[in-house]
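User: Please take me through this model with questions and answers, beginning with how its strands are arranged.

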Amino acid sequence: MRLYFGACLLLTLAACREQTQMKTGKDYPAYGGNNAGNRYSPLTEINAGNVKNLQVAWMYDAGDSSKNKNVKGLECQPIVINGVMYGVTSDLKLFALDAATGKQLWMFGSSVRGYKSWSRGINFWQQGDDQRILY
């Protein structure tokens with residue numbers, strides 16, 4: 001099982017390196033915004049002059065609960081593809097939200113019992129019309 005997982009991970013990483021550079025803008029298609037991970041956005045609507053006026057647009061409650069409070073925390077960096085925000089809860093459930101409203105579109109998976117770490121997130125792969133969320 002470990003060998004299979006490792007081989008899949010290596011193939012996935014190789015495929016991610018070969019794909020064209022994803023551009024950050026309206027979407028946030030990769031950890032860190034793009035393949036460079038530089039957390040840069042070319043958008044200009046929010047700038048140094050108006051950032052102080054920002055207000056919370058929406059919040060999302062992943063609904064994770066645990067008796068062991070030491071192992072919980074939503075620490076993933078979500079990605080946004082075509083206006084849909086994807087992320088992973090602390091219970092390792094994949095979720096999709098409407099990025100404009102925060103409305104949950106779907107959730108996949110069941111709580112992983114005994115998991116004592118955090119998920120940092122997911123990634124996106126595309127080649128032509130073929131698209132994948134890497135979980």
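**Sheet, core and contacts**

Analyst: In this predicted model, four strands form an open sheet in the order 1-2-3-4, and their pairing is antiparallel. Strand 1 and strand 4 (104–108) stand at the edges with a single partner strand each, so one side of each has no neighbour in the sheet. From one strand to the next, the twist averages 20 degrees.

User: What pattern does the chain follow when read along the sequence?

Analyst: The chain contains one helix and six strands. Of its 135 residues, 28% count as buried, and the exposed surface is about 9,800 Å², with carbon and sulfur atoms supplying 55% of it. Read along the sequence, the pattern is α-β-β-β-β-β-β.

User: Over how many bridges do strand 2 and strand 3 pair?

Analyst: One of the residues to look at here is G87, whose bridge partner in strand 3 is F95. Strand 2 and strand 3 pair in the antiparallel sense, and the number of bridges is five.

User: Which strand gives the most residues to the largest nonpolar core?

Analyst: The largest nonpolar core has 10 residues, namely I79, I81, V84, Y86, V88, L92, L94, A96, I122 and F124. The elements that give two or more residues to this core are strand 1 (79–81), strand 2 (84–88) and strand 3 (94–98). With three residues, the element that gives the most to this core is strand 2.

User: Which residues does V84 touch, if those up to four places away in sequence are not counted?

Analyst: V84 is itself one of the residues of the largest nonpolar core, and I79 and A96 are also in that core. In general, nonpolar side chains tend to be buried together in soluble globular proteins. With residues up to four places away in sequence not counted, V84 touches I79, A96, L97, A99 and L105.

User: Is L94 buried or exposed?

Analyst: L94 is found in strand 3, and, leaving aside neighbours within four places in sequence, L94 is in contact with G87, V88, W106, M107, F108, I122, I133 and Y135. The relative accessibility of L94 is 8%, and because buried means under 20%, L94 counts as buried.

User: How many Å apart in space are L94 and Y135, C-alpha to C-alpha?

Analyst: Across the chain, residues 24 or more positions apart account for 47% of the contacts with a separation of 6 or more. L94 and Y135 are in contact. They are 41 residues apart in sequence, and their C-alpha to C-alpha distance in space is 7.6 Å.

User: What is the phi of N82, which is not a glycine?

Analyst: N82 is found in the loop between strand 1 and strand 2, and with a relative accessible area of 58% N82 is exposed. Most residues other than glycine have a negative phi. For N82, by contrast, phi is positive, at about 50 degrees.

User: With which residue does D130 form a salt bridge, and how far apart are the closest N and O atoms?

Analyst: By the rule applied here, the count comes to one salt bridge, and side chains of opposite charge can pair when their charged atoms come close. D130 is partly exposed, with a relative accessible area of 31%, and R132 also counts as partly exposed, at 45% relative accessibility. The partner of D130 is R132, and the closest N and O atoms are 2.6 Å apart.

Definitions and conventions. Residues numbered from 1 in each chain as written. Predicted model: local features only at pLDDT ≥ 70, side-chain atom pairs only at ≥ 80, totals over all residues. Heavy atoms only, no water. Core = buried A, V, L, I, M, F, W, Y, C linked by side-chain atoms within 4.5 Å. Buried < 20%, exposed > 50% of the residue type's maximum accessible area, 1.4 Å probe, protein only. Contact = heavy atoms within 4.5 Å. Salt bridge = Lys/Arg side-chain N within 4 Å of Asp/Glu carboxyl O. Areas by Shrake-Rupley, 256 points an atom, 1.4 Å probe, with all protein chains shown as cover. Pairing = 2+ DSSP bridges. Axes fitted to C-alpha atoms, helices over the stretch in contact; angles between N-to-C directions.
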